[in-house]
Amino acid sequence: MTRLRGAAAIAALVMLSVAGCKQDTTGSSGPEAPATTGSGGGAALTAAESLTVKGRAPKTGYSRERFGTAWADTDSNSCDTRDDILKRDLKQVKFTDGDCKVSYGVLQSDPYSGKEVTYRRGRSLVDIDHLVALSDAWQKGAKYWDASKRIALANDPLNLLTVDASANRSKGDGDTATWVPPNKAYRCTYVAAQVAVKKKYGLWVTSAEKAAMVKVLSTCSKQALPTGGNPTNAPARFHAG
């Protein structure tokens, strides 16, 4: 009888130990586990993974004039594209002569640097950045387009952003593989916008660029893909050199 009681006690102890191990294992995937918030990418990541990969074509033949006159009024609202984007992105906007020419505004906060920048016409500290640089586009498909499509890309609000001039000039004509904003909080939005433009216009990416896009967007929780902007062909009255 004593032996039976001893055996039962040992069996109960073993069962308790096993149950305890299971409980500890479950606990390791709870609050103390490594955080996964921010992973998953979303629509922007899916779109990036779908982009065509090719090598960069030569820059031969590129000039700004191949994309038409700078800031053409392709949406026919009687304001040039630069002022349209300034009005969209700046706060406390003031105008000269009506409601087109922006004379003053405040960029709060600059997407690339995170700082506040004041715009004054004629001595501006801001640029209107082509998120997908025109020379980059030229080397990844735009060289083979007709002028109407190139003009549309150069003036599409989807591809334009008001930013701090010094931060923008450090970018040059770089793609995601060579440059992302110093402001880490804006990188997901920035890369998603580049993906959106390249998908909309059928531009390809290099393998290094695609890898960089996927790397950034893989850290962005459910990052949406921007949409909208102008049609991908400018009105027939516009011409490029």
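Begin by selecting D164, which, once its neighbours within four places in sequence are set aside, is in contact (heavy atoms within 4.5 Å) with L107, D110, S113, K115, V117 and L125. This is a predicted model, in which local features need pLDDT of at least 70 and side-chain atom pairs count only at pLDDT 80 or more, while totals for chains, interfaces and linings use all residues. Residues are numbered from 1 along each chain as its sequence is written, and side-chain values use heavy atoms, with hydrogens and water left out.

Staying on D164, colour strand β5, residues 160–164, where this aspartate has its place; helices (H or I, at least four residues) and strands (E, at least two) are DSSP runs numbered from the N terminus. D164 is buried, at a relative accessible area of 5%, where buried means under 20%, exposed over 50% and partly exposed in between, with a 1.4 Å probe and protein chains only. Now show the side chain of S166 as well, since a polar contact of 2.5 Å joins it to the side chain of D164. A polar contact is a pair of N or O atoms within 3.5 Å; within protein, one must be able to donate a hydrogen and the other to accept it, and residues adjacent in sequence count only if both atoms are side-chain atoms.

Next select D129, in strand β4, residues 126–130. D129 is also buried, with a relative accessible area of 5%, and its side chain makes a polar contact of 2.9 Å with the side chain of K171. Not counting residues up to four places away in sequence, D129 touches Y112, N159, L160, L161, V163, N168 and K171.

Move on to L203, in the loop between α7 (187–201) and α8 (207–217). This leucine is buried, with a relative accessible area of 2%. Add G141 to the selection: L203 and G141 are 62 residues apart in sequence, yet 5.4 Å apart in space, C-alpha to C-alpha. Beyond the neighbours within four places in sequence, the contacts of L203 include L51, V132, W145 and K198.

Then turn to the helices on either side of that loop. The axes of α7 and α8 come within 9 Å and cross at roughly 135°; axes are lines fitted to C-alpha atoms, for helices over the stretch in contact, and angles run from 0 to 180 degrees between N-to-C directions. That makes α7 oblique to α8, because angles under 35 degrees count as roughly parallel, over 145 as roughly antiparallel, 65 to 115 as roughly perpendicular and the rest as oblique. To see the contact, select R187, C188, V191, A192, Q194, V195 and K198 of α7 together with E209, M213, V216 and L217 of α8.

Now bring in helix α2, residues 43–50, whose axis comes within 9 Å of that of α7, with a crossing of roughly 50°. This angle makes α2 oblique to α7. The residues to select here are A44, A47, A48 and S50 of α2 and A192, V195 and K199 of α7.

Finally, keep α2 and display α8, which pack at an angle of about 165° with their axes 9 Å apart. These two helices are therefore roughly antiparallel to each other. Their contact is made by A44, L45, A48, E49 and S50 of α2 and K210, M213, V214 and L217 of α8.
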